[in-house]
Amino acid sequence: MQLIDGKLVSKEVRKSIAEEVTKIIAKGERAPHLAAVLVGHDGGSETYVANKIKACEEVGFTSTLIRYEDNVTEEELLNKVIELNNNPEIDGFIVQLPLPKHISEEKVTETIDPRKDVDGFHPQNIGRLTLGSPTFVSATPQGMLELLKYYNIATNGKHCVVIGRSNIVGRPMSILLSQKREPGNCTVTVLHSRSENLKEICRQADIIVAAVGVPEFVTADMVKEGAVVLDVGTTRVPSNETKSGWRLKGDVKFDEVSPKCSFITPVPGGVGPMTITSLMINTLKAANKEIYK
Ligand code: NAP
């Protein structure tokens, strides 16, 4: 069994992004600039945004954090999105989800200029992803593709079972892995809460992507010998051993599944670190106008 070290891969990718930023600045151009809009004080969102800002510092990007209280109106937020769309000093931006219930996430996402949509959530970018055209691939699936590439994990012709069909993880990952490219060319099965014979289907998988959000959902009896397992799950569970009082648990029962695997991602330290690094990749692409010329 080989552990897929997301921290290591992430460090290497960030180093190469930092080198590129140095070259950009040496040419007399400004550093890539990512803005993040954060509404409210949700613990998870605070942590994600803080880590994104930290990653920007690490690679030499400029970052701007725009904060609103929970009671911000939809109109105010949409006006900020339009302002960011029109600001030539900002290459890409994200609006951290989830948003308070009185604000339509759909409206906010659709108002973001697709050329600055580094989260890859805009319908235009998702459409391009589906067609296999250049696009901002959402961060978590892109991170997993980077991990598969880094470890030279063969995907060609393999049966990949993706558990979960969310718009930000399961769905795009299943599309990407089915496409005619490497990593890709998989035969993909997508499982969800209505799937029948889930365990049986998982047992047929060469590659399992677990994006369920249920701790330790994937058990050893669902995994065949030699399978590759990518664990996306990051559920906070109570813990007496940490200062915060919680720790992250993956969707895979790591202790019993890992001995059967050829490769597996741990939680934490697997898929997670690459997610934020992928956002940096997308911001660099936005600054270099690689997707939309
Ligand atoms: P989500 O939107 O809640 O989607 C979960 C998916 O799992 C849904 O498609 C759901 O099916 C399916 N599901 C739930 N219970 C199931 C069951 N008992 N059997 C089969 N399928 C089941 O979650 P998400 O946004 O994709 O995130 C999934 C997990 O990944 C979460 O723990 C999240 O925190 C984590 N995550 C981690 C990162 C990272 O960077 N590491 C990034 C994003 C997300 P239905 O569609 O039928 O409801």
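Two strands count as paired when DSSP finds at least two bridges between them. With that in hand, strand 8 and strand 11 make a good starting example: they run parallel and are joined by 3 bridges. One place to find this pairing is V229, which stands opposite I264 in strand 11. Please keep in mind as you look around that this is a predicted model.

Let us widen the view from that pair to the sheet around it. Strands 8 and 11 belong to an open sheet of 6 strands, ordered 1-11-8-7-5-6, with parallel pairing. At the edges stand strand 1 (2–3) and strand 6 (187–191); each has a single partner strand, so one side of each is left without a neighbour in the sheet. In general, the strands of a sheet pair through backbone hydrogen bonds, in either a parallel or an antiparallel way.

Now visit the two edges in turn. Strand 1 pairs with strand 11 in the parallel sense over 2 bridges, and here Q2 stands opposite F263 of strand 11. At the other edge, strand 6 runs parallel to strand 5 (residues 159–163), and 5 bridges join the two. Within that pairing, V161 has T189 in strand 6 as its bridge partner.

Next, step back to the chain as a whole. The domain assignment divides out domain 1 (28–113) and domain 2 (139–272). The C-alpha centres of these two domains lie 28 Å apart.

Another pair of strands is worth a stop. Strand 2 (residues 33–39) and strand 3 (residues 62–68) run parallel, joined by 7 bridges, and A36 stands opposite L65 in strand 3. How buried is strand 2? Of its 7 residues, 7 are buried, so strand 2 is largely enclosed by the rest of the structure. Both of its faces are covered: H33, A35, V37 and V39 are buried on one side, while L34, A36 and L38 are buried on the other.

The ligand is a natural next stop. Which residues come nearest to the ligand? Of the 19 residues around it, these are R165, S166, S193, T234 and T275. Several of them offer polar atoms to the ligand's oxygen atoms. In the side chain of R165, an N or O atom is 2.7 Å from an oxygen atom of the ligand. S166 has a polar side-chain atom 2.5 Å from a ligand oxygen atom, and for T234 the distance from a polar side-chain atom to an oxygen atom of the ligand is 3.0 Å. On its own the ligand has 930 Å² of accessible area, and the protein covers 68% of this.

From here we can follow some of the loops. S239 sits in the loop between strand 9 (235–238) and strand 10 (246–249). Is S239 buried or exposed? Its relative accessibility is 8%, and because buried means under 20%, S239 counts as buried. A polar atom of the S239 side chain lies 3.0 Å from the backbone nitrogen of E241. Leaving aside residues up to four places away in sequence, S239 touches G245, W246 and R247.

A second loop, between strand 7 (207–210) and strand 8 (227–231), holds T219. This residue has 17% relative accessibility and therefore counts as buried as well. With residues up to four places away in sequence again left out, T219 touches K199, K253, E256 and V257.

To finish, look at a few places where the backbone does something less usual. Most residues other than glycine have a negative phi, and most peptide bonds are trans. A cis peptide bond joins E182 and P183, with omega about -10 degrees, and P183 is in the loop between helix 7 (170–178) and strand 6. That loop between helix 7 and strand 6 also contains N185, which has a positive phi of about 55 degrees although it is not a glycine. At 25% relative accessibility, N185 counts as partly exposed.

The peptide bond from V267 to P268 is cis too, with omega near 0 degrees. P268 is found in the loop between strand 11 (261–264) and helix 10 (271–287). In the segment after helix 10 lies K289, a residue that is not a glycine but has a positive phi of about 50 degrees.

Methods: Residues are numbered from 1 along each chain as its sequence is written. This is a predicted model: local features need pLDDT of at least 70, side-chain atom pairs count only at pLDDT 80 or more; totals for chains, interfaces and linings use all residues. Side-chain values use heavy atoms; hydrogens and water are left out. Helices (H or I, at least four residues) and strands (E, at least two) are DSSP runs, numbered from the N terminus. Buried means under 20% relative accessible area, exposed over 50%, partly exposed in between (1.4 Å probe, protein chains only). A polar contact is a pair of N or O atoms within 3.5 Å; within protein, one must be able to donate a hydrogen and the other to accept it, and residues adjacent in sequence count only if both atoms are side-chain atoms. Contact means heavy atoms within 4.5 Å. Domain bounds come from an automatic or database domain assignment. A residue is near a molecule or strand if one of its heavy atoms lies within 4 Å of it. Accessible areas come from the Shrake-Rupley method with a 1.4 Å probe; for residues, only the protein chains shown count as cover.
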